[in-house]
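Me: I want to learn how to read a structure like this one. Can we go through it feature by feature?

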Amino acid sequence: MKPVLHALLGLAALLLSGSISARPEAPMLLMSTPGEALVVDIPENPPLPPMQLKDAWYAVSLEGQTLILSRTDKTRVPDWQLVARKTGPTPQTTTPVRHALTLPAPALLAFRLMSTGGNEKLPALKPGSYPSALSAPALLHDRWVASVQANGKPWSLSTPSQRRKDGALLAGSLQLVATDAKGEQHILVPPAHGMAFERQELLWVGALRSDSELDLLLKRTWLTGEVEYVLKLGDSLGYARLDTDYPIQRFAQGIEEYEGTETHASQQRRLPEGKFGLAALKLSEEAWNQAIASAESEGLPRQLFDRQLMLNGEKIRFSFEYLPRLAANGSEPSSSQFMWEGAVLVRAHFRGKSQTLQQTGPLDGSALRLQVDMLNGEPAIEISWAPHYNNSFVSYWVWSERDKRFLRLSRAQSQGC
């Protein structure tokens, strides 16, 4: 694999979208968010945007309870600029030519189906308006039920789940199931193994094809505030993640001497230059992993550590809280964007507000280090950790007085090989 391509694929693990098929034989559902650079359908040495694509994509918008499906095969300049740097004895910096889909202003996402076998015929889609079988978006919970009709067939929707030892909902266990008139159950959205959400909202359910049983659009919000759209079309599921803080994304790979930095056009804040860290705390790998293992054995929420730092006379408190989730299951991936996360919530408490900064798992190779300092006149946080001996991360947050919370400023991944 060419070095730059390999590095771009690694960088893609930090970005906003993804796809996965519900069944091995189902077409792959490729997803893209507005302004995101395409990683498929673009030639190796592309012309400058705009360009017409060989395969059309479909934009998804919502007008009230109606899903609007529109076709697009044109590209534009992405909202994310990539600066690629070849390190080593002869360093070189480039800005590769990239393309994003041209989408209507209200589009939430875009998708297209791609064959996994090479020869099967993909289902046809027709642009147009598709009313929802629901009278209003539904906030899902573990006792939610609804009756709907699609293509003239009645369905009963429900959300089976699992419970913790204390009787509360086990995070990640909620699934969306449809039962037909014969009493047969169909899993629409599988459990989100290893994940936890602040809320899950069923935005639309209906039929996008005459032979559809039930298609749907689900919006789920992570505890850290990022949004993930789940689209079901036939037997295929696609996931598209959107982080409206638009943090700067960095990826570095040592063996191929490559660094890539992606910056969104709306990002006005700059990364720290030089020394950062007026105050710091460190949690050793041994203490961290022992605390997680102890909490896992109980299967109940637990506060693992509680620390505070002083910054310019103000206290910033940090709590590290274990939240049990449905155990990960490699045969049923739940999302394209959760492989480096975990069951520990790193929470900041500042100026009367509390928020989850990140979800972190066991450490492998180094301690977790947290520092605070001022950045462009605002309080800022840096966290560095290594969830894998060959992958380490450094993230920054900066306080927004307007939003009354810390905004994600950047996330950098360093990979040894």
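Reply: Gladly. Start with a pair of strands: β12 (residues 153-158) and β13 are antiparallel, joined over three bridges. Keep in mind that this is a predicted model.

Me: What holds strands of a sheet together in general?
Reply: Strands of a sheet pair through backbone hydrogen bonds, in either a parallel or an antiparallel sense. Here, one facing pair across β12 and β13 is S158 with V177 of β13.

Me: Which strand pairs with β13 over four bridges?
Reply: That is β14 (residues 185-189), again in the antiparallel sense. A178 faces H186 of β14. Five residues lie between the strands of this hairpin, and G183 has a positive phi near 90°.

Me: Which way do the residues of β13 point?
Reply: L176 and A178 go one way, V177 and T179 the other. All four of these residues, in a strand spanning 176-179, are buried.

Me: Now a whole sheet. In what order do the strands of the four-stranded sheet come?
Reply: The order is β22-β23-β24-β25, in an open sheet with antiparallel pairing. To find the edges, look for strands that pair on one side only: here β22 (302-311) and β25 (353-360). Neighbouring strands are turned by 20° against each other on average, ignoring direction.

Me: How many bridges join β22 to β23?
Reply: Nine, with β23 covering residues 314-322 and running antiparallel to β22. Take F305 as a marker: F320 in β23 stands opposite.

Me: What lies across this sheet?
Reply: Helix α2 (residues 285-298) does. The helix crosses β22, β23, β24 (344-350) and β25, and runs at about 140° to β22.

Me: And the nine-stranded sheet: what is its order, and what is its pairing?
Reply: Read it as β6-β5-β20-β19-β29-β28-β27-β26-β21, an open sheet with mixed pairing. Its edge strands are β6 (92-94) and β21. The average turn between neighbouring strands is 15°, direction ignored.

Me: Which bridge partner does E382 have in β28?
Reply: Y396. The two strands β27 and β28 pair antiparallel over seven bridges.

Me: Next, cores. Which residues touch the most other members of the largest nonpolar core?
Reply: F318, F320 and I381, out of 33 residues. Then ask which elements contribute. Those giving two or more residues are β21 (279-283), α2, β22, β23, β24, β26 (368-375), β27 (378-388) and β28 (391-400). There is also a second, separate core of 23 residues, including A146, A150, W155 and V205.

Me: What does F320 touch?
Reply: Set aside residues up to four places away in sequence. The contacts of F320 then include L281, L283 and W288, along with R302, Q303, L304 and F305. Others among them are V344, L345, V346, L368 and L370.

Me: How do I judge a single residue? Is A138 buried or exposed?
Reply: Compare its relative accessibility with the cut-off: under 20% is buried. A138 is at 8%, so A138 counts as buried. This residue sits in strand β10 (residues 138-139). Beyond its neighbours within four places in sequence, A138 contacts W144, Q200, E201 and L202. A138 and Q200 are 62 residues apart along the chain, yet their C-alpha atoms are separated by 8.5 Å.

Me: And A327, buried or exposed?
Reply: The cut-off for exposed is over 50%. A327 is at 56% relative accessibility and therefore counts as exposed. Look for A327 in the loop between β23 and β24. From A327 to L170 the C-alpha distance is 9.9 Å, with their positions 157 residues apart in sequence.

Me: Last, the empty space. How many cavities of 30 Å³ or more are there?
Reply: The count is three. The largest cavity has a volume of about 170 Å³.

Me: Which residues are closest to the centre of the largest cavity?
Reply: E226, R241, L357, R408 and R411, out of 18 lining residues. Then trace the lining back to its elements. β25, β28 and β29 (405-415) each supply at least two residues. The largest share, four residues, comes from β29.

Conventions
Residues are numbered from 1 along each chain as its sequence is written. This is a predicted model: local features need pLDDT of at least 70, side-chain atom pairs count only at pLDDT 80 or more; totals for chains, interfaces and linings use all residues. Side-chain values use heavy atoms; hydrogens and water are left out. Two strands pair if DSSP finds at least two bridges between them. Axes are lines fitted to C-alpha atoms, for helices over the stretch in contact, and angles run from 0 to 180 degrees between N-to-C directions. Contact means heavy atoms within 4.5 Å. A nonpolar core is a set of buried Ala, Val, Leu, Ile, Met, Phe, Trp, Tyr and Cys residues joined through side-chain atoms within 4.5 Å. Buried means under 20% relative accessible area, exposed over 50%, partly exposed in between (1.4 Å probe, protein chains only). On a 1 Å grid over the protein atoms alone, a cavity is a set of points where a 1.4 Å probe fits but cannot get out, and a pocket is an open set with protein on both sides within 12 Å along at least five of seven lines; lining residues have an atom within 4 Å of a point. Grid points are joined across faces, edges and corners, and a volume is the space filled by probe spheres set on the points.
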